[in-house]
Amino acid sequence: MEHIGTLIDSAVGPIAIGNSPTPHRDADELYAHLLGVSVEEIDRNADADPQTAARYRQLVDERASGVPMAHLLGAALFDGLRLSAGPGVFTPRRDFSQAVDATTDAVRDTTAPIVVDLCAGCAAMALAIAHRRPDAQVHAVELDEEALHFAAANRDARAAAGDTTITVHHGDVTKPDTLSTLDGRVDAVVANPPFVPDEVQLPAEFSVHQPRDAVYAGPDGLDVIRPLLDTAARLLRADGTLVLEHGHLHGETVPAMLSGDDRFTGVRTHQDQYGYPLYTVARRAA
């Protein structure tokens with residue numbers, strides 16, 4: 001009979017080939033999920049139950065094919081929060097919460113800040129901000145109705161856990177009247193919009209298993225970002241902060257757009273933990 005540790009170790013290679021950046025962690029978490037325990041509670045020297053081993057290999061095959069971990073585990077971890085996510089909504093990447101850091105930094109000295117999350121998906125960033133700043137008034141805007149279902153479920157779950165309730169809006173961030181009652185009043189806008197050009201080839205986790213409209217945005221990938229800048233400029237108060245994720249594909253284009261827009265100032269681009277451009281911060285000019 002195979003040891004659990006040997007079984008888990010044998011899964012790392014296939015998961016890595018499937019383009020996971022964290023194959024060791026994925027392999028551990030999939031087995032822990034099947035046992036209903038934490039990774040630390042796995043006895044790697046114990047013999048693997050044959051039925052559990054068979055189910056584990058199935059999960060490993062799915063992960064290796066690009067199925068997101070959230071789909072396999074039934075939830076996504078983001079900034080320490082366990083959130084509902086699955087097919088039909090973009091899966092938040094738990095190691096990419098730097099935009100939340102930048103947003104909370106921007107309102108550190110603001111009492112009861114108003115924060116808006118545009119293209120909110122399952123509301124991961126909005127909820128992370130509300131968790132960190134209980135005094136904040138946080139709004140999450142999402143167009144897709146299936147994603148809204150996840151956002152609302154996560155809102156209710158986090159409220160039940162004691163976090164400040166966020167407001168979830170069904171809206172189009174490219175429209176000139178979205179959240180118009182907040183025009184000029186918002187302290188920070190954060191957004192992770194779709195930004196991949198239509199012809200770019202991505203790993204299956206993003207090109208197959210994520211909603212296309214949450215990933216791709218026209219021939220140059222800027223079909224959402226262009227009008228989103230108008231929305232952000234309209235919502236933000238003078239010296240309010242925009243935190244915009246755009247990935248390495250727009251490490252030059254988005255900062256250039258913001259630098260050439262007299263509605264914004266103080267443009268700074270920041271890298272992810274791997275050294276690639278991830279997001280840009282700008283302030284609303286007076």
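Which helix holds Thr231?

## Thr231 in helix α9

Thr231 is found in helix α9, which covers residues 225-235. The structure described here is a predicted model. In this model Thr231 has a relative accessibility of 2%, so it counts as buried, the cut-off for that term being under 20%. Leaving aside residues up to four places away in sequence, Thr231 touches Leu118, Val173 and Lys175.

## Helix α3

Helix α3 runs over residues 50-64. With 15 residues at 1.5 Å a residue, α3 should span 21 Å, and the C-alpha atoms at its ends are indeed 21 Å apart, so the two values agree.

Six positions can be named on the covered side of this helix: Thr52, Ala53, Tyr56, Leu59, Val60 and Arg63 are the buried residues of α3. They cover an arc of only 120° around the axis, which means that they lie on the same side of α3. The other side of α3 has Pro50, Gln51 and Asp61, which are exposed. Among the elements that cover the buried residues of α3 are α1 (4-17), α2 (23-35), α4 (69-73) and α8 (204-207).

Both ends of α3 have a local feature. At the start of the helix, a side-chain oxygen of Asp49 comes to within 3.2 Å of the backbone nitrogen of Gln51. Just after the helix, Gly66 has a positive phi of about 105°.

## Helix α6

Helix α6 covers residues 124-132, and 7 of its 9 residues are buried, so the rest of the structure largely encloses it. The buried residues in α6 are Ala124, Met125, Ala126, Leu127, Ala128, Ile129 and Ala130.

## Paired strands

Strand β7 pairs with β6 in the parallel sense over 5 bridges. Within this pairing, Val189 stands opposite Leu242 of β7. Strand β7 is also joined to β9 by 5 bridges, and these two strands run antiparallel. Leu242 has Ala282 as its bridge partner in β9. Leu242 is thus placed opposite Val189 and is also bridged to Ala282. Strand β7 is mostly covered, with 7 of its 10 residues buried.

Strand β9 (residues 277-284) also pairs with strand β8 (residues 264-271), in the antiparallel sense and over 6 bridges. Here Thr269 stands opposite Thr280 of β9. The two strands β8 and β9 form a hairpin, with 5 residues between them. In the turn of this hairpin, Gly275 has a positive phi of about 90°.

## Salt bridges

Side chains of opposite charge can pair when their charged atoms come close. The structure holds 21 salt bridges, and a few of them are described here.

What does the salt bridge between Asp187 and Arg237 tie together? In this pair the closest N and O atoms are 2.5 Å apart. Asp187 lies in strand β6 (residues 186-191) and Arg237 in strand β7 (residues 236-245), so the salt bridge ties together parts that are 50 residues apart in sequence. Asp187 counts as buried because its relative accessibility is 8%. Arg237, at 25% relative accessibility, counts as partly exposed.

The side chains of Asp105 and Arg108 also meet in a salt bridge, at 3.1 Å from N to O. Asp105 has a relative accessibility of 43% and therefore counts as partly exposed. For Arg108 the value is 53%, so Arg108 counts as exposed, the cut-off being over 50%.

A further salt bridge joins Asp261 and Arg263, whose closest N and O atoms are 2.7 Å apart. Asp261 is buried, with a relative accessible area of 13%, whereas Arg263 is partly exposed at 23% relative accessibility. Elsewhere, salt bridges with shared partners join Asp9, Asp28 and Arg44 into one network.

Key:
Residues numbered from 1 in each chain as written. Predicted model: local features only at pLDDT ≥ 70, side-chain atom pairs only at ≥ 80, totals over all residues. Heavy atoms only, no water. Helix = DSSP H or I, 4+ residues; strand = E, 2+ residues; numbered from the N terminus. Expected span 1.5 Å × (residues − 1). Buried < 20%, exposed > 50% of the residue type's maximum accessible area, 1.4 Å probe, protein only. Arc of directions from axis to C-beta. Contact = heavy atoms within 4.5 Å. Polar contact = N/O pair within 3.5 Å; in protein donor to acceptor, adjacent residues only side chain to side chain. Salt bridge = Lys/Arg side-chain N within 4 Å of Asp/Glu carboxyl O. Pairing = 2+ DSSP bridges.
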